[in-house]
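Got the viewer open? Let's take a walk through this structure together, one selection at a time.

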Amino acid sequence: MSRTVYVNGEYLPEEDAKISIFDRGFLFADAIYEVCSVIDGRLIDFEGHFQRLERSSGELDLNLPASRDEILEIHRELVRLNGIQEGLVYMQISRGSADRDFVFPKDSKPTIVLFTQQIPLQEMIDRPKGIRVISIDDLRWARRDIKTVQLLYPSMCKMMAKKAGADDAWLIQDGCVTEGTSNNAYIVTKSGTIVTRQLSNDILHGVTRAAVLRLAREAQMQVEERPFTIEEAQNASEAFITSATNFATSVVSVDGIAIGSGKPGPVTARLREIYAEECRRQAI
Ligand code: PLP
């Protein structure tokens with residue numbers, strides 16, 4: 001069934017939506033994006049995603065073509081037009097089109113594209129499964145804090161994981177885990193401390209990460225923000241990932257070694273529960 005998508009001011013059937021072959025998002029990956037989840041037809045953590053979009057655009061000198069209120073309205077209208085109860089809204093903003101040149105064009109008009117995807121998020125919350133990850137060298141560029149559409153290496157890593165019979169990969173830099181291909185990575189030590197890498201240019205500053213860590217601290221759980229190794233993960237009592245589309249999902253094995261019981265663990269279950277509750281409360 002055809003979706004309605006949004007391109008540069010127009011709501012269109014997806015087959016009629018077009019952008020230029022000179023768009024810098026296409027030619028240079030000169031574009032940023034955000035993914036916002038939808039539950040019960042409402043947007044989760046929209047403010048966090050918008051704030052990160054503003055930060056990404058600032059880091060790249062890319063002007064946002066719409067205000068917060070306009071962008072919120074486009075999200076809501078697409079959710080409504082496509083009848084999305086559970087799913088996500090993907091938004092991509094490029095520097096626009098100009099004759100191909102490495103130098104940023106002076107007056108290009110940014111391209112803004114949004115579309116929805118229907119995903120059974122509630123089922124994932126209610127019947128969580130554990131994922132298996134493998135470790136792979138982190139060969140991405142060094143500004144992973146900017147959410148750009150340069151997603152080729154993460155795609156290659158997902159393919160390597162699939163080929164190895166796993167679900168995803170954790171990326172390794174200087175012997176420690178940075179993050180997952182499209183999620184932040186955590187372990188829970190045998191003493192119950194939640195460990196995740198501290199914020200820097202090495203990782204994306206996950207909107208879900210911020211919410212989950214805040215809720216964990218409010219629930220009196222111990223949190224330590226520091227790098228951890230694969231060996232530490234393999235000896236942990238639990239491991240998990242977070243992202244807008246995964247909430248908190250257990251990692252049950254790393255490089256073929258079972259973590260803890262080898263099943264989704266109670267700390268992750270608790271975090272997912274309190275995060276899902278908060279999402280329902282805060283969704284707009
Ligand atoms: N890290 C990377 C590399 C990602 O691509 C993502 C999400 O796409 C995340 C972390 C999680 O971020 P968020 O919780 O904002 O979805």
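Two strands count as paired if DSSP finds at least two bridges between them. Keep that in mind for the opening stop, and remember throughout that this is a predicted model.

**Stop 1: strand S10**

Select residues 184–188, which make up strand S10. How many of its residues are buried? Five of the five are, so S10 is largely enclosed by the rest of the structure.

Now show the side chains. In a regular strand the side chains alternate between the two faces of the sheet. Here, Asn-184, Tyr-186 and Val-188 point one way, while Ala-185 and Ile-187 point the other way.

Next, add residues 238–243, which form strand S13. Five bridges link S10 and S13, and the pairing is antiparallel. To find one of these bridges, click on Asn-184: its partner in S13 is Thr-242.

Then bring in residues 194–196, strand S11. S10 pairs with S11 in the antiparallel sense too, over three bridges. Look for Ile-187, whose bridge partner in S11 is Val-195. S10 and S11 form a hairpin with five residues between them. In that turn, stop at Gly-192, where phi is positive at about 95°.

**Stop 2: a six-stranded sheet**

Time to move to another sheet. In what order do its strands lie? The order is S2-S1-S6-S5-S3-S4, in an open sheet with antiparallel pairing. At the edges are S2 (10–13) and S4 (42–43), each with a single partner strand, so one side of each has no neighbour in the sheet. If you're wondering what holds such an arrangement together, strands of a sheet pair through backbone hydrogen bonds.

Zoom in on S1, residues 4–7. S1 runs antiparallel to S2, with four bridges between the two, and antiparallel to S6 (residues 111–118), with two bridges. Val-7 is a handy one to click, since it has a bridge partner in each: Glu-10 in S2 and Val-113 in S6. The hairpin of S1 and S2 has two residues between the strands, and Asn-8 there takes a positive phi near 45°.

**Stop 3: two loop residues with positive phi**

Most residues other than glycine have a negative phi. That makes the next two selections worth a look.

- Ala-29 sits in the loop between helix H1 (24–28) and S3. Its phi is positive, about 55°, although Ala-29 is not a glycine. With a relative accessible area of 24%, Ala-29 is partly exposed.
- Asp-40 is in the loop between S3 and S4. This is another residue other than glycine with a positive phi, near 50°. Asp-40 has a relative accessible area of 45%, which makes it partly exposed.

**Stop 4: helices H2 and H3**

Select residues 46–59 to pick out helix H2. Which strands does H2 lie across? They are S3 (31–39), S4 and S5 (87–94), and H2 runs at about 180° to S3.

Now add helix H3, residues 68–81. Here's a quick check you can do with the distance tool: at 1.5 Å a residue, the 14 residues of H3 should span 20 Å, and the end C-alpha atoms are 20 Å apart, which agrees. Buried residues in H3 include Ile-71, Leu-72, Ile-74 and Leu-78. Just after H3, Gly-83 has a positive phi of about 60°.

Show H2 and H3 together. How do they cross? Their axes come within 11 Å and cross at roughly 125°, so the two helices are oblique to each other. The crossing of H2 and H3 is right-handed. On the H2 side, the contact is made by Phe-46, Glu-47, Phe-50 and Leu-53, and on the H3 side by Arg-68, Ile-71, Leu-72 and His-75.

**Stop 5: Cys-279**

For the final stop, go to helix H8, residues 266–282, and pick Cys-279. Is Cys-279 buried or exposed? At 5% relative accessibility, Cys-279 counts as buried; the cut-off for that is under 20%. Leaving aside neighbours within four places in sequence, Cys-279 is in contact with Ile-44 and Phe-247.

To finish, try one more distance: the C-alpha atoms of Cys-279 and Arg-95 are 32 Å apart, and the two residues are 184 residues apart along the chain.

Note on methods
Residues numbered from 1 in each chain as written. Predicted model: local features only at pLDDT ≥ 70, side-chain atom pairs only at ≥ 80, totals over all residues. Heavy atoms only, no water. Contact = heavy atoms within 4.5 Å. Axes fitted to C-alpha atoms, helices over the stretch in contact; angles between N-to-C directions. Expected span 1.5 Å × (residues − 1). Buried < 20%, exposed > 50% of the residue type's maximum accessible area, 1.4 Å probe, protein only. Parallel < 35°, antiparallel > 145°, perpendicular 65-115°, else oblique. Left-handed = near helix turned anticlockwise from the far one by under 90°.
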